[in-house]
Structure formats: structure tokens, C-alpha cells
Amino acid sequence: MAKSFNDIPPTYFPFFWSDWLNDEVVMGMSLAAQGAYMRLLCHAWRQTPPATIPSHPATIMRLCGATGDEWEQVKDEVLKPWDLSGERYVQKRLLQIWKEVREDSKTKSQLAAKAAAARWKNRDNGTKNADSHADAYAGACGRNASAYADDAKRSKEKRFICGV
């Protein structure tokens, strides 16, 4: 079954560096804890439900890329900004950002669909425009082919690929 738009996580998340640098919890973390926390944020972004991580300690340790000893040293710092909800930790700020990005993406997608519909309206179902693009592409390709042929003669190489 194909995933719906809402099931696919956005491929980026905004990083507010000034918030990161000024956050009291992050400022209190060691460098190792900050790295582990950032990795968890990245993993949480693509989880279902979003902005969550499993509560199982060994899984969290693996997501951080930490050894057992490393995790023991940083776990209290790293988990401080997370709230335990059932079987998962939730990062509330990340969830808020995820919802904002999802809504923004949905709005932009709808606007793009409207723009495309307006662009293709009254164009014979798009065939007129498609034919003109094909002709322009073939013309450009022909001109490029001539230029490459001259170069090939000079280098005695007779290969040419158009449109790659």
C-alpha cells in the first residue's frame, strides 16, 4: 500500500542554531551529550509517530551510536529534554516544528497543484506545450551535436550522447 502524504516524513528539519546555543538544557550538556541528543532528534524526526524515540535503553543507545559506557555517561543529560509518553519518549518542540513543516509543505503542494492546473488549462490537454518543448529540445540537441562532432573530429573520438 502506498504511503499517504502525511505518512512520509519531511526530508529536512529547520535547525534554529540561536535557540540551540541559548537553550539552558543544551548549554548544560557535555559535547558528547549534545552529539547524542542531535542524533536522537534526527532519528525522532523520521519516526512514527513523529518526534518520538523508543523508550528501550539499548535501542536509544544504538540510535546515538554510543557504546554502553558512553551511554551511561550521557544518558541523563540526553534524555532531559524528552518526555516519556507510554512506550516512547517525545520531544515536544520537535513535534511542534514537525507539524509546522508538514503544514507548510502541504500548503505549498496545494498551491503548486493550483498553479500547474492554471498553467495547463486550455492547452489541448498539454499536447501543444509538450510538442513545443520536444521540438525545442531536438533543436538544441542538434546544435549541440554539431559542436560535439567538431570536437570529436579533432580528438578522433566519434562518440556522442544527446540528452544525458
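Mentor: pLDDT is the predictor's confidence in each residue, on a scale from 0 to 100. This is a predicted model, so local features need pLDDT of at least 70 and side-chain atom pairs count only at 80 or more, while totals for chains, interfaces and linings use all residues. Residues are numbered from 1 along each chain as its sequence is written, and side-chain values use heavy atoms, without hydrogens and water.

Trainee: What share of the chain's residues reach a pLDDT of 70 or more?

Mentor: The mean pLDDT of the chain is 80. The share of residues that reach 70 or more is 68%.

Trainee: In which element is confidence lowest?

Mentor: Elements are DSSP runs numbered from the N terminus: helices (H or I, at least four residues) and strands (E, at least two). Confidence is highest in strand S3 (residues 88-90), at a mean of 98. The lowest mean, 52, belongs to residues 127-155, helix H7.

Trainee: How many contacts beyond four places in sequence does the model have for residues 155-164?

Mentor: Contact means heavy atoms within 4.5 Å. Over residues 155-164 pLDDT stays under 50. Where pLDDT is low, the predicted coordinates should not be read in detail. The number of such contacts in the model is ten.

Trainee: Which helix gives the largest share of the largest nonpolar core?

Mentor: Such a core joins buried (under 20% relative accessible area, 1.4 Å probe, protein chains only) Ala, Val, Leu, Ile, Met, Phe, Trp, Tyr and Cys residues through side-chain atoms within 4.5 Å. Of its 26 residues, those touching the most other members include Tyr37, Leu40 and Val78. Two or more residues each come from H3 (31-45), H4 (57-64), H5 (68-79) and H6 (92-120). The largest share, seven residues, comes from H3.

Trainee: Which residues does Val78 contact, leaving aside neighbours within four places in sequence?

Mentor: Val78 is among the core members that touch the most others. Its contacts with that exclusion are Met29, Ala33, Ala36, Tyr37, Leu40 and Trp71.

Conventions
Buried means under 20% relative accessible area, exposed over 50%, partly exposed in between (1.4 Å probe, protein chains only).
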